[in-house]
Amino acid sequence: MKSLEELKELRERFQKDLRVRKASDKPKVIVGMDSCGIDAGAREILKKALTEISQRDLDVVVTQTACIGECDNEPTVTVDLPNEPKIVYGDVTVDKVEKIIVDHVVEGNIVKDLVVAELNE
Amino acid sequence: MACSCGNAEENQEKYFAPLKKVLENYDKKAKDLIPVLQETQEEYGYLPQEVLEEIAKSLRVPFSQVYGVVTFYSQFHLEPRGENIIRICMGTACHVRGADKVLDTMKEELGIDDGETTEDLKFTLESVACIGACGLAPVIMVNDNTHGLLTPETTVEVLDQYRG
Amino acid sequence: MDQSIYRSHILICGGTGCVSSGCKEVRSSLEEELAERDLVNEIKVIETGCHGFCEKGPLMIVYPEGVFYCKVQPEDMEEVVEEHILKGKVVERLLYTDPTTGENIPSYQEIDFYKKQQRTALINCGYIDPEEIKEYIATGGYEAIGKALTEMTPQEVIDEVKESGLRGRGGGGFPTGLKWQFASDAEGDKKYVICNADEGDPGAFMDRSILEGDPHVLIEGMILAAYAVGADEGYVYVRAEYPLAIKRLRVALEQAEENGLLGENLFGTDFSFKLRIKEGAGAFVCGEETALMASIEGERGMPRPRPPFPAEKGLWGKPTNINNVETYANVPAIIKEGAEAYKQVGTEGSTGTKVFALTGKINNTGLAEVPMGITMREIIYDIGGGINEGKEFKAVQIGGPSGGCLPEDKLDLTIDYDSLLEVGAMMGSGGLVVMDEDTCMVDVARFFLDFTQSESCGKCTPCRIGTKQMLDILERITVGEGQEGDIELLERLAENIKSTSLCGLGQTAPNPVLSTLRYFRDEYEAHIYEQTCPAGACEELLGAYVIDGEACVGCTVCTEACPVDAIAGEAKEEHLIDEDACIACGACVDKCPVDAITQ
């Protein structure tokens, strides 16, 4: 170790791997992964979401959830940004994942034509 | 023990070979006495007198000092030990949660007293000070494995695992 | 593989407690299940150090949700992966159940055991992979030493530690900054720093957990001390009974060296530091600092008279600073966040937090780090969940063989170094052993004396002979042969041993006797004058176990329960206990369905 700056750079780099353990207030992308979701292809959606997040180096949590009662619209992707209502997208396909992430997660614009529900807590 | 049959000198050499290997890693000073003893005991299972005499010579310390150190620390043993070492924790937490009963059960089962080794050299039983797994009191260690939350019955079950 | 992050981390506790409960098997089963479902690239499995809640082990935490599973078994993994990891459904039956409300609690921060804790020394224990330096660096690790070396003078480091109010966590509570100042002021071309990791107090395992769970924090604390006092070489003296701790520390040392955090010219400065491990060989007295140094020098671990103190003449006659594991583990936070922030926690005379090892007859056993100034009641009832099996609290033993037993009416005492001394106990290393109505206080005193007597190194007479005399008297009392005058004799011996012994072992050895005499004198009197043990613990003062022939239904449950086959009797016939074979373990009493066995 040659300098404090070098150490801090290392920290920045290594921290990314630990992000998932400090998830409470972070933006979340949640994929419906109950049997209904998996049958509809949710696994591929989840993998795609992970790849997109990872490639853009976003500090966003990708996680799974049980059935949210939207079985007809599976696979679903829910975007949960801090202090905003959760937006549920339905009938998501692999090629729509990128748009959801870029438009909504990065830029904050809801992709209206895919929304099936809005959840207020 | 150096054997008296056949070629005594060759046997002698064979016997001390593991010790020689241990000593190679040290610069043979008095400060290395404890680590040398630790590694030597790993090799021989205990510390025979002949081996201790060799160590004293190599490190250039009086034999009395080597003996003094060996008998001071509970980790060192002058007698052969069992294949399985059973350590019964006698720490405070284990004490209030019934370590005595675990020890009694072991003594009864093995037919030996605390600090002794069974005749078939299968087991050595020793009570030890706290092994720091107090959350699971009462605990024992068999070799490097910790077994916790014991009762007299489960003590016997644990022992059976090693009776094989 | 086109992605580098994992969507979930599964942390499995790999502390000694959980290893013995089978966490290794759980891990392999989990990895198999993940592989079978092609999840290996999405889910990372990490083995951490101790999470503190050993009794509920093996423990597992699933992030990002932070779901806390306890007592997990290999066969549970299929369900965890299939339901939780894949489908997002928490496996309810593996959650912690609150013993009072009966509710399942998914997140560990919400569990009473963790709620009142405040972690500084243990902050990374159970959160990071101790065998991966990256994870320590990711939490801001080694930035304190980086800052100290590049922006602070050694004196500024000492001043910061002084200002923080940090006191030695290993026993006496000596101000750490002052200790460093002495070693720094001592003249000498060569100086050493030592970490005392010879955690020998029965009932204490916090140092073990730091070594196993976050070894780098210790290394960083020691480098800071070395820089402050001007040492270039250090030793960690670890007891050999801690094989896992030694292994993890060894890995950590290697990784620190590889990353240039130990060795020559750290952070581009001219400061260099070498750190080595010394394994103890099994002698409690080596926890005494001068005995420990004798042991590193290859001699019998016998204490040396002080003065000269180690700060002036320590290891090989050179100025030496010696602190324990938990003390060093507090230092990086002080340098990084500043003394001011550190002082916000705790009391005026005792700043910061203290890790306590909660054990004995308590519901939640494990490690708890709490702010100084908390009450004993909060620790035992709020964190520890109270006494198990609904029994009555009798006493709490604090501070190991040097400490004392405190009764019920001292439970609201706020805990700090000074308040404990006033009531005849001491902080010691922070072992808290809770005792209930079934614990005999004379037996507890005898237990500690037995321990210190056998661990006395024999160098000085008061300790060698005095503790033996005290033990003889206590043994006599517990077998019903106590005599008039024994109590007074114990008190006299205790005072003499305290005031004339050479080292801390002897000087504090009588404390358990004195404190039990102070608060539980009536129990001593009952043993001596009435030949009874009020707690029903001293076997010689109890009758043998007998089976009431009238009540016995001949069910053979007791004959099967008996571990030593001391009970004879066929089914449907009355059973008999062989008094000579009986070890009085009570196993039959617990099992008898009709309560026919009494003592």
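Buried area is the accessible area, taken with a 1.4 Å probe, that two parts lose on being put together, summed over both. In the predicted model described here, this quantity is reported for two interfaces, one within chain C and one between chain A and chain C. For domain 2 and domain 3 of chain C, the buried area amounts to about 1400 Å², with carbon and sulfur atoms accounting for 57% of it.

The domain assignment divides chain C into domain 1 (8-115), domain 2 (133-343), domain 3 (353-436), domain 4 (441-529) and domain 5 (543-599). Between domain 2 and domain 3 of chain C, the C-alpha centres are separated by 27 Å. Contact between these domains involves 18 residues from domain 2 of chain C and 21 residues from domain 3 of chain C. On the side of domain 2 of chain C, the area buried against domain 3 of chain C draws 36% from C:Arg169, C:Phe205 and C:Met206, more than from any other three residues.

Polar interactions also occur at this domain interface. The count of salt bridges between domain 2 and domain 3 of chain C is 2. A salt bridge is formed by C:Glu326 and C:Lys354, with a distance of 2.6 Å between the closest N and O atoms. In addition, 8 residue pairs between domain 2 and domain 3 of chain C are in polar contact, both residues being at pLDDT 80 or more. Helix H9 (206-213) and helix H13 (325-337) of chain C are the elements that give two or more residues to the side of domain 2 that touches domain 3. By class, that side of domain 2 of chain C comprises 6 nonpolar, 8 polar and 4 charged residues.

The interface between chain A and chain C was analysed in the corresponding terms. Here 33 residues of chain A are in contact with 46 residues of chain C. The two chains bury about 3400 Å² between them, and carbon and sulfur atoms give 58% of this area. Within chain A, the residues losing the most area to chain C are A:Met1, A:Arg21 and A:Gln64, which together represent 22% of what that side buries.

Between chain A and chain C, 6 salt bridges are counted. The side chains of A:Arg43 and C:Glu42 meet in a salt bridge, at 2.8 Å from N to O. Across the interface of chain A and chain C, 21 residue pairs satisfy the rule for polar contact, both residues being at pLDDT 80 or more. The elements of chain A that contribute two or more residues to the side touching chain C are helix H1 (4-18), helix H2 (35-39), helix H3 (42-55) and strand S2 (61-65). Of these, H1(A) provides the largest share, 9 residues. The side of chain A that touches chain C contains 16 nonpolar, 8 polar and 9 charged residues.

Chain B was examined for its fold and for the confidence of its prediction. Its secondary structure consists of 7 helices and 4 strands, arranged from the N terminus in the order α-α-α-α-β-α-α-β-β-β-α. Along the principal axes, the C-alpha atoms of chain B fill a box of roughly 50 × 35 × 25 Å. The mean pLDDT of chain B is 90, with 96% of its residues reaching 70 or more. Among the elements of chain B, the highest mean pLDDT, 96, belongs to helix H4 (residues 63-72), whereas helix H5 (residues 92-96) has the lowest, 86.

Notes:
Residues numbered from 1 in each chain as written. Chains lettered and ligands numbered in written order. Heavy atoms only, no water. Contact = heavy atoms within 4.5 Å. Salt bridge = Lys/Arg side-chain N within 4 Å of Asp/Glu carboxyl O. Polar contact = N/O pair within 3.5 Å; in protein donor to acceptor, adjacent residues only side chain to side chain. Nonpolar A, V, L, I, M, F, W, Y, C, P; charged D, E, K, R; others polar. pLDDT = per-residue confidence, 0-100. Domains from an automatic or database assignment.
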